[in-house]
Amino acid sequence: MAHSQIVTCIDELEQHARTHLPKNAFDYYSSGANDQRTLAENRAAFYRLRFLPRILRDVSQVDLGVSLLNGTQTLASPICIAPTAMQRMAHPDGEIATARAAAASESLMILSSWSTTSIEDVAAANGNAGARWFQLYVYRDRAVTAQLVKRAEQSGYTALVLTVDTPILGRREADIRNGFRLPPHLRLANFSETDSKATGVSITDKKDSGLAAYVAAQIDQTLTWKDVKWLQSITKLPIILKGVLSPEDATLAVDHGVQGILVSNHGARQLDGVPATIEALPGIVAAVGSRCDVYLDGGVRRGTDVLMALALGAKAVFVGRPVLWGLAYKGEEGVQIALTLLQQELKLAMQLAGCSKLADLTPSLVVSASTYTHAKL
């Protein structure tokens with residue numbers, strides 16, 4: 001796909017990335033764990049749902065606006081940017097381009113701890129009007145984690161997104177085959193040069209990727225609910241748990257005072273065989289009720305996917321790979337193209353479903369395909 005062509009969907013951006021990115025980078029971004037069953041299911045599960053649109057409703061004006069975290073975060077659209085690591089492998093501007101596109105699109109960006117641009121530089125690119133959260137891993141060395149939290153606070157990030165599904169890295173066979181490593185001109189920018197020697201830039205085990213070895217060495221595998229309390233003790237920022245699939249864990253999360261739950265299977269990159277996130281969403285929404293926001297990521301490629309997630313109770317939807325494919329296509333402009341495509345598709349889908357605002361989206365809009373498959377004909 002040439003840059004002069006009109007991009008009509010996210011899949012076209014992915015095809016461009018597949019043919020233009022180095023194999024090391026594309027495979028890292030695109031692959032899932034083990035047999036990639038969950039990677040396929042994240043998409044297939046949307047195809048097992050059907051809309052029941054309503055008719056004869058005024059949809060001449062559509063409002064995509066949404067408020068998150070008890071009204072403290074107001075956005076033009078519920079389509080937000082999930083944290084993805086090492087974005088400068090996709091484009092030289094990396095996270096800077098994403099931050100600028102997020103601000104221009106009035107979208108919320110979550111920055112990965114493992115970004116190839118620093119917390120501070122991304123904040124500067126995102127600007128005073130930008131909405132940004134910071135994704136956090138808890139390190140064995142708690143001082144490292146505490147320092148990241150402090151820097152995020154000082155740089156205007158308004159929430160912490162604690163990843164809780166990665167005590168160790170899932171087995172990503174493409175990365176093992178490729179001997180995945182960061183290109184030598186890049187580094188994990190939120191850590192010092194000395195730390196960087198162990199941050200996935202070099203291969204320490206030929207049977208695994210450099211990043212997997214880094215996670216095994218650095219990330220705290222003893223993490224429990226008491227550590228959520230520890231994090232609350234060192235910050236006033238709202239805490240969102242990313243990587244929740246179990247309704248029981250969702251209930252525990254709210255009991256422990258978290259302000260948001262991001263239903264996520266880590267882009268199908270951790271435990272293979274877990275549910276697609278759109279399958280897990282309704283149970284988690286039912287478990288927490290109105291006690292905290294529930295968000296979703298995983299497999300979202302169309303505005304219709306967003307509409308399904310919102311109807312089933314997600315307050316916002318986060319996209320990761322579509323942003324990377326936009327980056328690979330045309331940097332900041334490519335990310336804006338990806339976000340605009342999804343926003344336009346969502347608006348159109350809402351109009352065709354008879355909905356003019358997000359409050360109109362209820363579970364009655366979506367039914368299982370089995371409703372019709374098993375019907376008597």
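Tutor: Let's start with a term: a disulfide is a pair of cysteine sulfur atoms within 2.5 Å. This is a predicted model, so local features need pLDDT of at least 70 and side-chain atom pairs count only at pLDDT 80 or more, while totals for chains, interfaces and linings use all residues. Residues are numbered from 1 along each chain as its sequence is written, and side-chain values use heavy atoms, with hydrogens and water left out.

Student: How many disulfides does that rule give here?

Tutor: Zero disulfides by that rule. Take C80: the nearest cysteine sulfur belongs to C292 and is 16 Å away, so with a limit of 2.5 Å, C80 is in no disulfide.

Student: And why is C80 called buried?

Tutor: Buried means under 20% relative accessible area, exposed means over 50%, and partly exposed is in between (1.4 Å probe, protein chains only). C80 has 0%, so it counts as buried. C9 comes in at 10%, so it is buried too.

Student: What makes I6 exposed?

Tutor: Its relative accessibility is 73%, so I6 goes in the exposed class. You'll find I6 in the segment before α1 (10-20). Helices are DSSP runs of H or I with at least four residues, strands are runs of E with at least two, and both are numbered from the N terminus. I6 and W230 are 224 residues apart in sequence, and their C-alpha atoms are 49 Å apart.

Student: What about Q36 and M86, which class does each belong to?

Tutor: Q36 sits at 31%, so it is partly exposed. M86 has 1%, so it is buried. Q36 is in the loop between α2 and α3, and M86 is in the loop between β4 (79-81) and α4 (94-104).

Student: What is special about phi in those two?

Tutor: Q36 isn't a glycine, yet its phi is positive, near 60°. M86 isn't a glycine either, and its phi is near 55°, again positive.

Student: Why is N34 called partly exposed?

Tutor: N34 has a relative accessible area of 33%, so it falls in the middle class. N34 lies in the loop between α2 and α3. Its C-alpha is 8.4 Å from that of R269, though the two are 235 residues apart along the chain. Leaving out neighbours within four places in sequence, N34 is in contact (heavy atoms within 4.5 Å) with R171, E173, Q270 and D272.

Student: How do you know that N42 is buried?

Tutor: Its value is 3%, so N42 belongs with the buried residues. N42 is part of helix α3 (residues 37-47). Beyond four places in sequence, N42 touches several residues, among them N265, P275 and T277.

Student: Now the helices. What makes α2 roughly antiparallel to α14?

Tutor: Axes are lines fitted to C-alpha atoms, for helices over the stretch in contact, and angles run from 0 to 180 degrees between N-to-C directions. Helix α2 (residues 23-30) and helix α14 (residues 321-353) have axes that come within 10 Å and cross at roughly 160°. Under 35 degrees is roughly parallel, over 145 roughly antiparallel, 65 to 115 roughly perpendicular and the rest oblique. So α2 is roughly antiparallel to α14.

Student: Which residues make that contact?

Tutor: F26, Y29 and S30 from α2, with R321, L324 and W325 from α14. By class, that contact has four nonpolar, one polar and one charged residues. Ala, Val, Leu, Ile, Met, Phe, Trp, Tyr, Cys and Pro count as nonpolar, Asp, Glu, Lys and Arg as charged, and the others, Gly among them, as polar.

Student: Why is α3 called roughly perpendicular to α12?

Tutor: The axes of α3 and helix α12 (residues 277-288) come within 8 Å and cross at roughly 70°. That angle is in the range for roughly perpendicular, so the label fits. N42 turns up again here: E41, N42, A45 and F46 of α3 meet T277, I278 and E279 of α12. The residues of this contact divide into three nonpolar, two polar and two charged.

Student: And what makes α6 oblique to α10?

Tutor: Helix α6 (residues 142-154) and helix α10 (residues 225-234) pack at about 45°, with axes 11 Å apart. That angle fits none of the other ranges, so α6 is oblique to α10. The contact residues include A146 and V149 of α6 and W230 and L231 of α10. By class, this contact has five nonpolar, one polar and three charged residues.
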